[in-house]
Amino acid sequence: MTSKKSTPNRRKALDGLKDAAYSRTEDALRKIQSGMAVVEEELQSGVLWDRLARDDKVELEQGDFMVLCGLGWNFLNGPKHKETTKPDVVEFLAGVNQRLREQLADLPDVEIGRAPTKAYVQLQARYERLKKERDELRDYLNRVLTRTHEWHLERLQALRMVRELKEAAGVSVVHLRRR
């Protein structure tokens, strides 16, 4: 009789533990979502660079982001979140860091003495932007050259057709002398 009474209590306890685990997971995911919103806001306002400069960092890393969210720095490496949440966070951070570099490339020159790492990253970001612009211009030039070549070939084809038609019709051009 004792075993029958303990089974419902045991089930209640297990259900309670399961609900607690679900609520902890949901709470952690809410913290990550709110952390993403904070980072986006700081990125738009430019505050994120100041936060990173204080720590002498040039990009937002996963551990720092997790601490910002109020979770442990190694939270995403646990078995529950490693395959599900971590790829989304890593992708988000890659996008944020790319936009940080683009923002830095557009800022006025950084004084090298104050923040050599930031100055280096700024130069690197400008270099990446210039390479991208160069590649776009190269593609545009190749398209223009291809189209010009096509026009040239069409012109040669038209001249050949005119020549063949003149020969077929037996038309000859008589030059008149001018006085």
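This is a short selection tour of a predicted model.

**Whole chain**

Start with the cartoon view. The protein has five helices and zero strands. Read from the N terminus, the order of elements is α-α-α-α-α. Now colour by burial. Of the 179 residues, 21% are buried. Switch on the surface. The accessible surface comes to about 14,100 Å², and carbon and sulfur atoms account for 56% of that. Next, consider contacts between residues at least 6 apart in sequence: 59% of them join residues at least 24 apart.

**The nonpolar core**

Select helices H1 (2-45), H2 (47-54), H3 (62-68) and H4 (85-106). Each supplies at least two residues of the largest nonpolar core. That core has 21 residues. H4 gives the largest share, six residues. In soluble globular proteins, nonpolar side chains tend to be buried together.

Which residues touch the most other members of this core? Pick Ile32 and Phe65. Then centre on Phe65 and show what surrounds this residue. Leaving aside residues up to four places away in sequence, Phe65 touches Ile32, Gly35, Met36, Val39, Leu60, Val89, Phe92 and Leu93. Ile32 therefore appears twice on this stop, as a contact of Phe65 and as a member of the core, where a core is built from buried nonpolar residues joined through side-chain atoms within 4.5 Å.

**Along helix H1**

Stay on H1 and select Glu42, which lies in this helix. Is Glu42 buried or exposed? Glu42 counts as buried because its relative accessibility is 12%, and the cut-off for buried is under 20%. Show its contacts: Glu42 touches Val47, Leu48 and Arg51, not counting residues up to four places away in sequence.

Move to Leu29, also in helix H1. Leu29 is partly exposed, with a relative accessible area of 33%. Draw a distance from its C-alpha atom to that of His81. The two atoms are separated by 9.8 Å, while the residues are 52 apart along the chain.

**Salt bridges**

Side chains of opposite charge can pair when their charged atoms come close. The model has six salt bridges. Three of them are worth a stop.

- Select Arg99 and Glu40. Their closest N and O atoms are 2.7 Å apart in a salt bridge. Arg99 lies in helix H4 and Glu40 in helix H1, so the pair ties together parts that are 59 residues apart in sequence. Arg99 is partly exposed at 29% relative accessible area, and Glu40 is partly exposed at 24%.
- Select Arg30 and Asp27. Their side chains form a salt bridge at 4.0 Å, N to O. The two are three residues apart in helix H1, which means about one helical turn separates them. Arg30 is exposed at 52% relative accessibility, whereas Asp27 is partly exposed at 32%. Add Lys31 to the selection: Asp27, Arg30 and Lys31 are linked in a network of salt bridges.
- Select Arg134 and Asp135. This salt bridge is 3.0 Å, N to O. Arg134 is partly exposed, at 39% relative accessible area. Asp135 is partly exposed too, at 34%.

**Last stop: a surface patch**

Go to helix H5 (residues 116-169), where Leu159 lies. What does Leu159 make with Leu153 and Leu156? Select the three leucines with the surface on. Together they make a nonpolar surface patch of about 250 Å². Leu159 counts as partly exposed, with 43% relative accessibility.

Technical notes:
Residues numbered from 1 in each chain as written. Predicted model: local features only at pLDDT ≥ 70, side-chain atom pairs only at ≥ 80, totals over all residues. Heavy atoms only, no water. Buried < 20%, exposed > 50% of the residue type's maximum accessible area, 1.4 Å probe, protein only. Helix = DSSP H or I, 4+ residues; strand = E, 2+ residues; numbered from the N terminus. Contact = heavy atoms within 4.5 Å. Areas by Shrake-Rupley, 256 points an atom, 1.4 Å probe, with all protein chains shown as cover. Patch = residues over 30% accessible without salt bridge, like charges linked within 9 Å, V, L, I, M, F, W, Y side chains within 5 Å.
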